[in-house]
Amino acid sequence: METDELKGLRERALAQAAAAESLAALEQVRIAYLGRKGKIPALLKKLGQLPAEERREAGKVLNQLKRELAGLIEKRVGQLSSGEVRDEGRFDYTLPGAWRGLGTRHPVSRVIEEAVGIFRRLGFEVAEGPDVETEYYNFDALNTPEDHPSRDIQDTFYLESGGLLRTHTSPVQVRHMERHRPPVRIVAAGRCYRRDVPDATHSTNFHQIEGLYVNKRVSMSELKSDLAFFARELMGRKVQVRFRPHFFPFTEPSVEVDFSCHACGGKGCRLCKRSGWIEIAGAGMVDPSVLEAVDYDPEEYTGYAFGMGIERIAMIMFGINDIRLFYENDRRFLEQFGW
Ligand code: DAH
């Protein structure tokens with residue numbers, strides 16, 4: 001047996017095993033070289049005919065090749081079946097897929113969708129307005145005078161263009177009423193902006209949902225029953241609603257709306273700061289001057305309105321203790337609200 005012949009055999013065998021692109025092709029290589037009738041066993045059988053010196057040398061080379069080739073084939077089987085080597089038309093569909101994580105709904109979007117869904121069932125339509133507002137829609141048309149503290153340069157983002165970033169969703173009320181005659185029954189959810197110093201409960205950017213219902217003879221009892229329906233749908237059947245007198249320029253009378261604490265059933269716990277109640281919304285009967293600003297006759301029509309903070313509701317529903325978590329895009333936080 002020539003050394004060159006064995007060298008050539010070795011090179012061909014290893015090259016073919018390395019080039020095999022499928023398990024079937026690899027098996028062909030194995031049969032051709034290592035199988036019962038393969039090239040290597042055939043040569044091993046012939047060793048006996050060789051002179052002792054040559055036999056030992058050739059035997060060593062052949063056995064080493066046998067081990068080397070078997071090892072390479074084993075490695076290639078591993079690669080091909082784990083998908084490390086993949087080729088068109090030879091795709092192994094039994095392999096597990098490459099998982100690209102699905103995104104999850106942001107908790108703020110979740111609460112908006114849920115809240116809007118509840119109000120839609122009460123007959124509300126969805127309205128929208130711009131984030132960049134004018135002083136007229138954000139303040140003047142809402143009966144908010146020049147000297148009102150929320151108009152302070154410290155509290156509102158004014159733009160060089162003369163516009164401002166809306167400080168609440170209430171301007172959508174005015175924009176909608178300008179374009180529609182009563183009855184109007186709308187909700188508007190979206191971003192609001194205030195020049196607050198960020199802390200656990202304040203953010204310069206947050207979300208509100210606004211509601212407005214104007215018709216003949218709308219009463220405060222309707223406001224209360226609609227908000228009670230909302231509270232129960234959102235937080236559970238046992239939740240109670242209470243009104244506390246308050247002041248807003250655009251409603252008269254005005255109230256702050258509390259829900260009884262869903263965590264302790266109103267007995268008092270850490271979430272509700274031992275009071276049994278959680279402040280959720282501002283609301284009231286639309287001030288006649290707001291109706292006049294949009295050419296509705298306050299003698300003919302009355303209405304109610306409310307506005308509430310989405311993050312605040314999300315924090316209460318999910319037990320989140322810092323508003324800044326909503327804006328940090330930390331997946332460890334966001335993934336907990338899966339959907
Ligand atoms: N705009 C108020 C705020 O941001 C919330 C509010 C109070 C909205 C009373 C209303 C309302 O529509 O009637 O604090």
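In what order do the seven strands of the open sheet stand, and is their pairing mixed or of one kind? In this predicted model, the seven strands follow the order E1-E4-E5-E9-E8-E7-E6, and the pairing among them is mixed. Strands of a sheet pair through backbone hydrogen bonds, and they can do so in either the parallel or the antiparallel sense. At the edges of this open sheet stand strand E1, residues 125–126, and strand E6, residues 241–248; each has a single partner strand, so one side of each is left without a neighbour in the sheet.

A closer look at one pair shows how the strands are joined. Strand E8, which covers residues 277–286, and strand E9, which covers residues 302–309, run antiparallel to one another and are paired over five bridges. Within this part of the sheet, Gly-284 has Ala-305 of E9 as its bridge partner.

Helices lie across the sheet as well. Helix H8, made of residues 220–235, lies across strands E4, E5, E6, E7, E8 and E9, and runs at about 125 degrees to E6. Helix H10, made of residues 310–318, lies across E5, E8 and E9, and its direction makes an angle of about 60 degrees with E9.

The next topic is the nonpolar residues of the interior. The largest nonpolar core has 49 residues, and the members that touch the most others are Phe-119, Val-257, Phe-259, Ile-280, Phe-306 and Met-308. Taking Ile-280 as an example, and leaving aside residues up to four places away in sequence, one finds that this residue touches Met-235, Val-257, Asp-258, Phe-259, Met-308, Gly-309, Ile-313 and Ile-316. Apart from the largest core lies another one, of 21 residues, which includes Val-174, Leu-212, Tyr-296 and Tyr-301.

Charged side chains also meet, and the structure holds 18 salt bridges. One of them joins Arg-121 and Glu-233, with a distance of 2.6 Å from N to O. This pair links distant parts of the chain, since Arg-121 belongs to helix H5, residues 107–121, while Glu-233 belongs to helix H8, and the two are 112 residues apart. Arg-121 is exposed, with a relative accessible area of 55%, whereas Glu-233, at 37%, is partly exposed.

A second salt bridge, at 3.3 Å from N to O, brings together the side chains of Arg-185 and Asp-226. Here strand E4 provides Arg-185 and helix H8 provides Asp-226, and the pair again links distant parts of the chain, 41 residues apart. Both Arg-185 and Asp-226 are buried.

A third salt bridge lies between Asp-258 and Arg-242, whose closest N and O atoms are 2.9 Å apart. Because Asp-258 lies in strand E7 and Arg-242 in strand E6, the pair ties together parts that are 16 residues apart in sequence. Why is Asp-258 counted as buried? Its relative accessible area is 2%, and a residue is called buried when that value is under 20%. Arg-242, at 30% relative accessibility, counts as partly exposed. These two residues also belong to a network of salt bridges that links Arg-242, Arg-244, Glu-256, Asp-258 and Glu-279.

Finally, one can step back to the whole chain. The domain assignment gives domain 1, residues 3–82, and domain 2, residues 107–337, and the C-alpha centres of domain 1 and domain 2 lie 79 Å apart.

Definitions and conventions
Residues are numbered from 1 along each chain as its sequence is written. This is a predicted model: local features need pLDDT of at least 70, side-chain atom pairs count only at pLDDT 80 or more; totals for chains, interfaces and linings use all residues. Side-chain values use heavy atoms; hydrogens and water are left out. Two strands pair if DSSP finds at least two bridges between them. Helices (H or I, at least four residues) and strands (E, at least two) are DSSP runs, numbered from the N terminus. Contact means heavy atoms within 4.5 Å. Axes are lines fitted to C-alpha atoms, for helices over the stretch in contact, and angles run from 0 to 180 degrees between N-to-C directions. A nonpolar core is a set of buried Ala, Val, Leu, Ile, Met, Phe, Trp, Tyr and Cys residues joined through side-chain atoms within 4.5 Å. Buried means under 20% relative accessible area, exposed over 50%, partly exposed in between (1.4 Å probe, protein chains only). A salt bridge is a side-chain nitrogen of Lys or Arg within 4 Å of a carboxyl oxygen of Asp or Glu. Domain bounds come from an automatic or database domain assignment.
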